[in-house]
Amino acid sequence: MSKRHLPPPRSGPNAGPGQPSGRPAGVAGRAITAAAARAGAPGGLRFTERQLYYETCRVLSPGSTLLRGRVPGTPAPVLRLPVFTRALEARGRETVPGLLPPLPESGARVGPRRPRERAERPERSERPELSEPWDSSVSSESLELPELSEAYSEPDVYDYGLPRLLICQDRSIAGMLLANHVHLEAACPVFAAADALPLHPRLLAALRRAEGATVSVLHDASPAGLALPAQVRSGLGPVPGVRVVSLGLAPRHAAALRLPTGRGPAPGPAALAALPAALRPREADWLAEGRFAEVAAVPPDRLLRTVLRLTRGPRPPRDSLWSGLRGLRGAGFMTWPAA
């Protein structure tokens, strides 16, 4: 894996991975146009600013895309994040089709609202206006998510079984999945970990009622991300029949996909002890150096396909003509009656 260094992740509003680069902002601006078209394909996907940054790096370095899956590695981004940010501001964020508005620093929730108790439920005529999923300054039309907040603010939803639930470490990734209607296609509520944990008792009851529910955790390839599934599992408490699975990322995934990686402060002994035992020694050494890879570095279309495939489970085999005829024969259709 690459040994190049990157600044620590998310240390400020304009902080992020990147390497010194002599590319002018004009080149970055033209690359942003091509990256936005690639990030939104197919079908006009919505994506975050961090995802657009990584896609711009792939546009400027097409070799990393060609080598993906053939030569594992973790290349460094070819464009510094401040250069990308200046080029994006010069172009205008509102002019980039598919780009989601940035999340505020704090005080906004991503995902369905916690269920209210029945006794506290106001009448329809007296219900206050629903707050927006991200922030009151962001219109619901731009996010296209008013139906989600409306549905999951109803306590009756939690009276049924909930077979699957998705928790994301990154709040912006949770918002991106919601904006692309993953919760509808997978029939799976999507929460940000900071907003969902600890899980509401009625949500836990809905998981228990499903008999075999799955809580999926989508996290970065970092010590904090890899420790998140264990934190979710311990937070569930004595809930029989509910399993917690990790969707990744793991260091091996970052290497196989040739995702850009960075380096932050080396984790302490407690963080290293909390790493999953299933990690390979090379992966543990990689994390001990302070290395990390973000889910946002995965191409948006690949991220959506993977999340849908893993949350919905394997598809049933497609019936052929012969299997259909055998099924009709077994059902007694057009056959001699037994009596």
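Start by selecting helix 2, residues 49-60, in this predicted model. The helix is mostly covered, with 10 of its 12 residues buried. Show the side chains of Arg50, Gln51, Leu52, Tyr53, Tyr54, Glu55, Thr56, Cys57, Arg58 and Leu60, which are its buried residues. From its first C-alpha to its last, helix 2 reaches 17 Å, close to the 16 Å expected at 1.5 Å a residue.

Step back along the chain to the loop between helix 1 (25-40) and helix 2, where Pro42 lies. The peptide bond from Ala41 to Pro42 is cis, and its omega is near -5°.

Now zoom out to the whole chain. It has 16 helices and six strands. Of its 339 residues, 46% are buried. Taking contacts between residues at least 6 apart in sequence, 79% join residues at least 24 apart.

Colour the chain by pLDDT next. The mean is 76, and 65% of the residues reach 70 or more. Select residues 1-24: pLDDT stays under 50 there, and the model has 68 contacts beyond four places in sequence for this stretch. Residues 118-153 also stay under 50, with 66 contacts beyond four places in sequence. Where pLDDT is low, the predicted coordinates should not be read in detail.

The next stop is the sheet. In what order do its four strands stand? The order is 2-1-3-4, in an open sheet with parallel pairing. Strand 2 (190-192) and strand 4 are the edge strands, each pairing on one side only. On average, neighbouring strands of this sheet are turned by 25° against each other, direction ignored.

Select strand 3, residues 214-218. Is this strand mostly covered or mostly exposed? Strand 3 is mostly covered, with five of its five residues buried. Thr214, Ser216 and Leu218 point one way, while Val215 and Val217 point the other way.

Add strand 1, residues 164-168, which runs parallel to strand 3 and is joined to it by five bridges. Arg164 stands opposite Thr214, and Leu165 has Val215 as its bridge partner.

Then add strand 4, residues 243-248, which pairs with strand 3 in the parallel sense over five bridges. Here Leu218 has Gly248 as its bridge partner.

Follow the chain from strand 3 to helix 11, residues 223-236: together with strand 4 they make a right-handed β-α-β unit. Helix 11 lies across strand 1, strand 3 and strand 4, and runs at about 165° to strand 4. Helix 7, residues 171-179, lies across strand 1, strand 2 and strand 3, and runs at about 160° to strand 2.

The last stops are in loops. Select Gly248 again: a cis peptide bond joins it to Leu249, with omega about 15°. Leu249 lies in the loop between strand 4 and helix 12 (251-256).

Move on to Arg258, in the loop between helix 12 and strand 5 (262-263). Its phi is positive, about 55°, although Arg258 is not a glycine. Arg258 counts as buried because its relative accessible area is 15%, and the cut-off for buried is under 20%.

Finish at His181, in the loop between helix 7 and helix 8 (182-185). Its phi is near 65°, a positive value in a residue other than glycine. Is His181 buried or partly exposed? His181 is partly exposed, as its relative accessible area is 25%.

Technical notes:
Residues numbered from 1 in each chain as written. Predicted model: local features only at pLDDT ≥ 70, side-chain atom pairs only at ≥ 80, totals over all residues. Heavy atoms only, no water. pLDDT = per-residue confidence, 0-100. Contact = heavy atoms within 4.5 Å. Buried < 20%, exposed > 50% of the residue type's maximum accessible area, 1.4 Å probe, protein only. Helix = DSSP H or I, 4+ residues; strand = E, 2+ residues; numbered from the N terminus. Pairing = 2+ DSSP bridges. Right-handed = clockwise from strand over helix to strand, strands pointing away. Expected span 1.5 Å × (residues − 1). Axes fitted to C-alpha atoms, helices over the stretch in contact; angles between N-to-C directions.
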